[in-house]
Each structure stands twice: as structure tokens, then as C-alpha cells.
Amino acid sequence: MATRVLQRFGIGLNQAKNTSRSTGQTVVLSRGLSASNHRNREDSWFKSLFVRKVDPRKDAHSHLLTKNEESNLYKIQFHNVKPECLDAYNQLCEETLPSIHNDKYYPCELVGTWNTWYGEQDQAVHMWRYRGGYPALTEVMSKLRQNKEFMKYREERGKMLLSRRNQLLLEFSFWNEPIPRKGPNIYELRSYQLRVSTQARAIGYRQHNSEAVGGFFSQIGNLYMVHHLWAYKDLEAREATRNAAWQHEGWDEVVYYTVPLIQHMDSRIMIPMKASPLQ
């Protein structure tokens with residue numbers, strides 16, 4: 001469907017070029033008006049895409065895109081597990097991670113923890129929230145280094161992993177904060193590598209069935225990354241919801257204008273672990 005939309009706009013552009021060649025005099029007379037209308041439409045469209053116009057001389061992008069100056073900090077972890085160790089790894093996480101989540105001594109919360117079902121195989125994904133931003137993250141990391149149980153967990157975990165990476169994220173102002181959710185659900189993590197200085201939004205078209213869980217952009221790790229987290233009852237519900245978006249007026253324009261902003265995109269379908277607050 002997205003391809004057809006792009007093709008349609010391309011055909012329109014070619015037709016416009018052919019018309020301009022055959023009626024060059026008319027084009028000259030109307031050029032000023034057409035250019036003005038085009039600029040007005042473009043300005044209106046980009047105002048709807050972006051949170052607000054960013055002036056890099058006055059503020060950082062992150063301050064303009066987040067809810068407020070005290071927005072939560074998130075950490076997302078990707079652990080690639082040795083296939084023969086996946087069950088033992090899951091059990092180890094289920095024994096250790098909830099104890100940190102439930103302990104008020106640590107100013108952090110486990111948002112969700114999953115195994116990738118479709119996408120990169122034998123992978124675990126964990127997301128943590130730090131209320132209080134970077135000071136809370138620093139406090140948690142300092143305290144965990146003194147936690148013998150956690151250090152033992154890290155040692156055992158290290159024996160089971162092939163690789164691991166993480167990112168620090170902030171949440172978009174126009175997404176809801178992720179909250180615990182009853183299951184059963186499957187989760188889709190859609191990750192976008194954007195071109196520099198573009199942070200687009202189109203969440204309004206996808207809020208009808210409360211499938212939107214959270215939206216984040218990277219601060220440390222791979223930069224200019226955007227992650228959208230969605231919840232569905234099953235793969236059939238995901239397909240129906242995504243197809244329904246095309247019935248809403250304006251969605252085809254969203255696709256047309258946002259696709260050029262994306263350098264790379266990836267989708268994971270994930271199954272919650274037993275300890276995950278997002279079920």
C-alpha cells in the first residue's frame with residue numbers, strides 16, 4: 001500500500017512537469033502564486049509532523065520533543081542469548097529483575113521484558129524507566145554495584161550471552177507513558193533510524209484501539225533512533241489494525257512524507273516474560 005501511494009505521487013509529479021513544458025507561458029504567470037501556495041501547504045504539513053519548530057540556537061531537540069524538563073529516562077537493553085541457554089537465561093531474569101523493580105531503594109521500574117518471537121532470534125529485550133532522569137540512573141548503577149545478588153546475576157548472565165547492547169531513551173511528548181497492561185498480548189517494537197534532525201509523529205492515526213504503548217527517541221547509543229512500542233492481542237489483530245489505518249483520511253500523506261525521513265527500519269514481534277509488567 002505504501003508503495004502505491006509513493007507511485008501515485010510520482011505520477012502526479014511527472015504529469016505536472018509535462019504540463020509545464022506545454023504551457024510555459026501560463027506557468028510563468030502563475031509561478032508566484034503556485035510557489036506561495038506550495039510553501040503554505042508545506043509549512044502547514046511540517047507543523048503537523050513536528051512537535052514544534054526547532055531553533056538549535058535556543059534549545060536542544062530533546063527538550064522540545066519531551067513532555068517537560070523532568071521527563072523520565074528509559075534504558076532499553078538487547079541481549080542476544082546462546083540458543084541452548086535461553087530457558088536458563090529467562091529463569092535467571094525472572095528471579096532477579098522483579099526484586100529490583102519492587103525495591104523502593106532503587107529509583108527505577110521495569111517497564112517490560114520480552115523474548116523476540118519474530119525478528120532477531122534468541123534475543124531478550126528489557127526496558128527500564130528511571131524517574132528523575134540521569135541522577136536516578138547514576139544512583140541505581142552505583143547501588144547495584146554494591147548488590148552482591150545482582151553482581152552474581154551479571155556474572156551468570158555473562159556466561160549465557162553472545163552479545164549485548166543498550167540505549168538511553170527519552171519519551172515523546174505526544175505518546176502516553178507505558179503503564180502495566182494485562183495480557184495476553186504480543187508486542188511489536190518498531191525501530192527507525194532517521195536522517196539527521198528529523199523526529200516525525202503520526203500517532204493520532206493509530207490510537208483508536210489503545211494499541212500504542214510508548215514512543216521513544218535515543219539520547220545515548222545509536223543516535224537519531226526512534227522506537228515505537230505497540231500491543232496487540234495476536235498477529236491477526238495487528239494486521240487488521242494496521243490495514244484500518246489506511247481508511248483514515250490523511251494516513252497516505254503521512255506515509256508519503258515520513259518514508260523519505262527514514263534510513264533504516266526494523267520490526268520485532270515480542271512475547272512478554274512472566275515477570276514483565278506489560279503482559
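This report describes strand pairing, salt bridges, polar contacts, backbone geometry and a surface patch in one predicted model.

**Strand pairing around strand 8**

Strand 8 covers residues 262-272 and pairs with strand 2 in the antiparallel sense, over 4 bridges. Within this pairing, T116 stands opposite M270 of strand 8. Strand 8 also pairs with strand 5, again in the antiparallel sense, and here the count is 8 bridges. In that second pairing L189 is the residue opposite R268. Strand 8 therefore has antiparallel partners in both strand 2 and strand 5, if two strands count as paired once DSSP finds at least two bridges between them.

**Salt bridges**

The structure holds 10 salt bridges by the distance rule applied. Three of the pairs are set out below, with the separation of the closest N and O atoms.

| Basic residue | Acidic residue | Closest N and O atoms |
|---|---|---|
| R268 | E120 | 3.9 Å |
| K159 | E156 | 3.3 Å |
| R190 | E188 | 2.8 Å |

R268 forms its salt bridge with E120 at 3.9 Å. This pair joins distant parts of the chain, since R268 belongs to strand 8 while E120 sits in the loop between strand 2 and strand 3, 148 residues away. For the R268 to E120 pair, the 3.9 Å separation is within the 4 Å limit for a salt bridge, so the pair is counted. R268 has a relative accessible area of 3%, so it counts as buried. E120, at 40%, is partly exposed.

What is the accessibility of the two residues in the salt bridge between R190 and E188? R190 is buried, with a relative accessible area of 9%. E188 is buried as well, with a value of 0%. Both values fall under the 20% limit, which means that each residue is classed as buried. The closest N and O atoms of R190 and E188 are 2.8 Å apart.

In the salt bridge between E156 and K159, the closest N and O atoms are 3.3 Å apart. E156 has a relative accessible area of 28% and is partly exposed. K159 is also partly exposed, at 49%; the class ends at 50%, so K159 is not counted as exposed.

Salt bridges also link E109, R129, R131 and E177 into a network.

**The loop between strand 4 and strand 5**

Strand 4 (161-171) and strand 5 (186-194) are joined by a loop that contains P184. The peptide bond from G183 to P184 is cis, and its omega is near 5°. N185 is found in this loop too. N185 counts as buried because its relative accessibility is 9%. Which backbone oxygen does the side chain of N185 reach at 2.8 Å? That oxygen belongs to K182. A polar atom of the N185 side chain also lies 2.6 Å from the backbone oxygen of Q279.

**Positive phi in residues other than glycine**

D122 is not a glycine, yet its phi is positive, near 55°. D122 is placed in the loop between strand 2 and strand 3, the latter covering residues 123-130. Its relative accessible area is 27%, so D122 is partly exposed. E120 of the salt bridge with R268 is in the loop between strand 2 and strand 3 as well.

Y224 likewise has a positive phi, of about 55°, without being a glycine. Y224 is located in the loop between strand 6 (212-220) and strand 7 (225-232). With a relative accessible area of 30%, Y224 is partly exposed.

**Cysteines**

How many disulfides does a search of the whole structure find? The result is 0. A disulfide is a covalent bond between the sulfur atoms of two cysteines. C85 has a relative accessibility of 16% and is therefore counted as buried. C108 is also buried, at 5%.

**A nonpolar surface patch**

W117, Y118, L235 and I271 make up a nonpolar patch on the surface, and their combined accessible area is about 350 Å². W117 is part of strand 2, which spans residues 109-118. W117 is partly exposed, at 36% relative accessible area. That value is over the 30% required of patch members, so W117 meets this condition.

Definitions and conventions
Residues are numbered from 1 along each chain as its sequence is written. This is a predicted model: local features need pLDDT of at least 70, side-chain atom pairs count only at pLDDT 80 or more; totals for chains, interfaces and linings use all residues. Side-chain values use heavy atoms; hydrogens and water are left out. Patches are made of residues with over 30% relative accessible area and no salt bridge: like charges are joined within 9 Å, nonpolar side chains (Val, Leu, Ile, Met, Phe, Trp, Tyr) within 5 Å. Accessible areas come from the Shrake-Rupley method with a 1.4 Å probe; for residues, only the protein chains shown count as cover. A salt bridge is a side-chain nitrogen of Lys or Arg within 4 Å of a carboxyl oxygen of Asp or Glu. Helices (H or I, at least four residues) and strands (E, at least two) are DSSP runs, numbered from the N terminus. Buried means under 20% relative accessible area, exposed over 50%, partly exposed in between (1.4 Å probe, protein chains only). A disulfide is a pair of cysteine sulfur atoms within 2.5 Å. A polar contact is a pair of N or O atoms within 3.5 Å; within protein, one must be able to donate a hydrogen and the other to accept it, and residues adjacent in sequence count only if both atoms are side-chain atoms.
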